Amino acid sequence: MSNVGIVLISHSPKVVEGIKDIIRQMVPDVPVELAGGTDDGSIGTNVEKIQNAIENAYNEKGVLLFFDLGSAMMNAELAVEMTDYEKVKVVKAPLLEGAYVAAVESGMGKTLEEVEKAARNVFDQT
Amino acid sequence: MELQIKQVISWMEKTNEKIQSNKEYLTSLDQAIGDGDHGLNMARGFQEVVNKLSSSNYTYVSDVLKDVSMTLLSKVGGASGPLYGTAFLKMSTALKGIETVDYPQFKKAVVEAVNGVKERGKANKGEKTMIDVWEPIVDFLQKQDNLEAKELESTAEKAMEATQDLKATKGRAAYLKERSIGHLDPGSVSSYYIFAALSEVLEEGA
Ligand SMILES: Nc1ncnc2c1ncn2[C@@H]1O[C@H](COP(=O)(O)OP(=O)(O)OP(=O)(O)O)[C@@H](O)[C@H]1O
Ligand SMILES: [Mg+2]
């Protein structure tokens, strides 16, 4: 049984590393892949990093992409347009809280749609 | 007008020269209402573009533009990467299989490019982004039956200058709201360099 994969996209590599640490405390068995910073590791985003992260996180359940500012969303959408996989979606949710809730839901074996919905409504459920 | 591979490469080289010599200026514009990386982003991206083009052989204009696009997409870390990357990709697609690009074909390619940028950035004219240069260029091209290189340049320059009075509602500057008024939009200035370089190439070719 596989779980919906999560891709974290931020301008800063440290941000996505930190979020992954927070997720891993509670969710050990969900694919979480990082696309932080530019190709040379400085502040920014990079579509190839996102494509690689999708590749590594992908399974038949699909992958959800979480992003922070400006170009992070543009590059996330570009990566989705460029991939051959069908179940890859960009989620409009706060990066940290959204990805965290998504990871927890994914770990419970939920579908892509269920996980996405929970992430988008993250501030409603508490 | 006519655009062949040679001219398109020269267009990119001239763009790169302008960006390299105005790198600090672009950075200072982006420091005023953004995160201060536009000069660096553009200088790195277009240097890589020129390197790529000089080490490759091409049969079609569209192949050159495709390489421009892919290089900008992978080497520019800010919003201008996916935006300019999309613009050149749309031009490439519009000109597929053409060896010598004529004016109607070029017009169509620029229209496609602007539509691509608007979709990618979810932005429209008047939001203080590069679209405020690209869209007036489209309007200008639509009105001409023959391309006047000088006028192309002055249209881009006027459009670029007009971004000073706009309030940003897209991009980093949008977070500053009213505070963004009174500054030029960095991406509109780099877009001006792109069209100024094209104007020079066309004048040489004329
Ligand atoms: N949504 C958008 N639509 C169209 N153009 C945009 C948009 N956002 C930014 N731009 C253009 O991009 C320019 C900034 O480019 P730059 O390379 O500095 O990206 P950035 O804003 O730093 O990127 P990031 O989103 O990663 O912070 C702006 O001056 C503007 O012209
Ligand atoms: Mg910037």
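A polar side-chain atom of His11(A) sits 2.4 Å from an oxygen atom of ligand 1, and that contact is a handy way into this structure, which is a predicted model. Ligand 1 lies between chains A and B, and the protein covers 95% of the 630 Å² of accessible area that this ligand has on its own. There's also a magnesium ion (ligand 2), coordinated by three aspartates: Asp30(B), Asp35(B) and Asp37(B). Below is a tour of the two ligands, followed by some residues elsewhere in the chains.

**Around ligand 1**

- Where does ligand 1 lie with respect to the chains? You'll find ligand 1 between A and B, in a space that is the largest pocket.
- Helix 3 (71-82) of chain A gives two or more residues to the shell around ligand 1, and so do helix 3 (38-54), helix 5 (80-94) and helix 9 (186-205) of chain B.
- The shell holds 23 residues, and the ones that come nearest are His11(A), Ser71(A), Ser80(B), Arg172(B) and Asp185(B).
- On the chain A side, His11(A) brings a polar side-chain atom to 2.4 Å from a ligand 1 oxygen atom.
- On the chain B side, Asp35(B) has a polar side-chain atom 2.8 Å from an oxygen atom of ligand 1.
- Asn41(B) is another one to look at: an N or O atom in its side chain is 3.0 Å from an oxygen atom of the ligand.

**The magnesium site**

- Which residues coordinate the magnesium ion (ligand 2)? Asp30(B), Asp35(B) and Asp37(B) do the job, each through OD, at 2.0 to 2.3 Å.
- If you want to spot these donors in the sequence, look for the spacing D-x4-D-x1-D.
- Asp35(B) turns up twice in this story: it is a magnesium donor, and it also has a polar side-chain atom 2.8 Å from an oxygen atom of ligand 1.
- Is Asp30(B) buried or exposed? Asp30(B) is buried, because its relative accessible area is 9% and the cut-off for buried is under 20%.
- Asp35(B) has a relative accessibility of 34%, so it counts as partly exposed.

**Two lysines with positive phi**

- Lys128(B) has a phi near 60°, a positive value in a residue other than glycine. Its place is in the loop between helix 6 (103-121) and helix 7 (131-143) of chain B.
- Lys177(B) isn't a glycine either, yet its phi is positive at about 45°. This lysine is in the loop between helix 8 (149-162) and helix 9 of chain B.
- What is the relative accessible area of each lysine? Lys128(B) comes out at 1% and is buried, whereas Lys177(B) comes out at 52% and is exposed.

**Buried side-chain contacts**

- Asn75(A) belongs to helix 3 of chain A, and its relative accessible area of 0% makes it buried. Its side chain makes a polar contact of 2.9 Å with the side chain of Thr45(A).
- Thr86(B) is in helix 5 of chain B and is buried at 5% relative accessible area. A polar contact of 3.1 Å joins its side chain to that of Arg120(B).

**Sequence gaps and distances in space**

- Ala173(B) is in the loop between helix 8 and helix 9 of chain B, and at 8% relative accessibility it counts as buried. How far is Ala173(B) from Ile33(B) in space? The two are 5.0 Å apart, C-alpha to C-alpha, with their positions 140 residues apart in sequence.
- Leu166(B) is also in the loop between helix 8 and helix 9 of chain B, but it counts as partly exposed at 24% relative accessibility. Its C-alpha is separated by 19 Å from that of Asp139(B), and the pair is 27 residues apart along the chain.
- Val110(B) lies in helix 6 of chain B and is buried, with 1% relative accessible area. Val110(B) and Glu135(B) are 25 residues apart in sequence, and their C-alpha atoms are 9.3 Å apart in space.

Conventions: Residues numbered from 1 in each chain as written. Chains lettered and ligands numbered in written order. Predicted model: local features only at pLDDT ≥ 70, side-chain atom pairs only at ≥ 80, totals over all residues. Heavy atoms only, no water. Donors = N, O, S within 2.8 Å, 3.2 Å for Na, K, Ca; no water. Buried < 20%, exposed > 50% of the residue type's maximum accessible area, 1.4 Å probe, protein only. Near = heavy atom within 4 Å. Polar contact = N/O pair within 3.5 Å; in protein donor to acceptor, adjacent residues only side chain to side chain. Areas by Shrake-Rupley, 256 points an atom, 1.4 Å probe, with all protein chains shown as cover. 1 Å grid on protein atoms, 1.4 Å probe; cavity = no way out; pocket = protein on both sides within 12 Å on 5 of 7 lines; lining within 4 Å. Sits in = over half its atoms within 2 Å of the grid points. Helix = DSSP H or I, 4+ residues; strand = E, 2+ residues; numbered from the N terminus.
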